[in-house]
Amino acid sequence: MTAPMTRRQFARHAGWFGAAVVLSVTGGEVVSHIADSRDSIAAATNGDAGALRFVQISDSHIGFTGPANTDVTGSFARAIDQVNTLGFRPDFVMHTGDLTHLSTPAQFDQVKQMMSALRTDRVFTVPGEHDSVDDHGRAYRQTFARGTEGDGWYSFDTHGVHFIALVNTLSLEKLGHLGTDQIDFVRRDVAGLSADTPIVVFSHIPLFAMYPQWGWSTDDALQVLRLLKPFSSVTALNGHVHQLFSRVEGNVTFHSATTTAYPLPKPGQAPAPTPQVLPARQLRTALGIRTVEYRQGTTPLAITDQELA
């Protein structure tokens, strides 16, 4: 894994927090920039009929009780409503983990029922560490991981993009961990792909060293990133950190998503990554959803983050 971010590097990237991020892929080259007033959700809704458009939501923590958000169910319901009123029907919705807070069967059943209201063709998930409390993810896999491999990892293709969904929350020491079996799966999975195939990787814990002191990294991610090095366009989307953050390392652009439940502090700005209590009017500005659009050819892949309405 890469070296921990220096204070100078962190300061340079800190400006990304809270900003909408647009990622363009042209001719296989990834270019990121901060969205301005011209980059609105309208841009994502004006694509042609052949465009791939999907949504990332994360860290709903159904079952959480605490002053940081006394109604996470209501917040998640608003996020679902926001997805359903985007002005287009997403090809799929990906939830990047911590669907539940304590991984009880009742919490999994509740979040599954809620996500059944999403107006989309498909719903995908990866587990967070809160989805494997006390049972090594057994209840999660029974509810959400049928047809997957190993402990719940899988891949799929659509619109010329190859998607890989990883599980890095089951063998935790301090950092996320993928394990040999899953790394071998990725090796086999990408072996037949051409180098110009756009690849999007989903995980809960970041695959880059966002802030290892708080466990915001994956100890063996470098082995997977080496397997993806031949590809000209790789995008890694994660949850876990409850805030927007972007970083580019070589051919890979990393984007951490915000949450629908409660904010966490920025790295190093609190003693620990514990839920932050905001004034009621500010809470929704810390929560949100993410939309992504991709059109094959030379047209861009765009990532837009929205605050929860």
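Select helix 3 (residues 72-84) to begin: since its 13 residues should span 18 Å at 1.5 Å a residue, the distance of 18 Å between its end C-alpha atoms agrees with expectation, the expected span being 1.5 Å times one less than the number of residues. Helices (H or I, at least four residues) and strands (E, at least two) are DSSP runs, numbered from the N terminus. This is a predicted model, in which local features need pLDDT of at least 70 and side-chain atom pairs count only at pLDDT 80 or more, while totals for chains, interfaces and linings use all residues. Residues are numbered from 1 along each chain as its sequence is written, and side-chain values use heavy atoms, with hydrogens and water left out.

Staying on helix 3, colour its buried residues, among them Val 72, Phe 76, Ile 80 and Val 83; buried means under 20% relative accessible area, exposed over 50% and partly exposed in between, with a 1.4 Å probe and protein chains only.

Next, add strand 3 (residues 52-57) and strand 4, which pair in the parallel sense over four bridges, where two strands pair if DSSP finds at least two bridges between them. Within this pair, Val 55 has Val 93 of strand 4 as its bridge partner. The chain passes from strand 3 through helix 3 to strand 4 in a right-handed β-α-β crossover, a term that applies if, with the strands pointing away from the viewer, the path from the first strand over the helix to the second runs clockwise.

Now select strand 4 (residues 92-95) alone, where Phe 92 and Met 94 on one side, and Val 93 and His 95 on the other, are all buried, so that both faces are covered. Strand 4 is also joined by four bridges to strand 5 (residues 122-125), with the two running parallel, and Phe 92 stands opposite Arg 122 of strand 5. Helix 4 (residues 105-115) completes a right-handed β-α-β unit with strand 4 and strand 5.

Two loop residues deserve a selection of their own. Most residues other than glycine have a negative phi. Asp 59, in the loop between strand 3 and helix 3, has a positive phi of about 50° and counts as buried at 0% relative accessibility. Asp 98, in the loop between strand 4 and helix 4, has a positive phi near 55° and is buried, with a relative accessible area of 1%.

Finally, move to the open sheet of six strands, whose order is 6-7-8-9-11-10 with mixed pairing. Its edge strands, strand 6 (154-158) and strand 10 (245-249), each pair on one side only.
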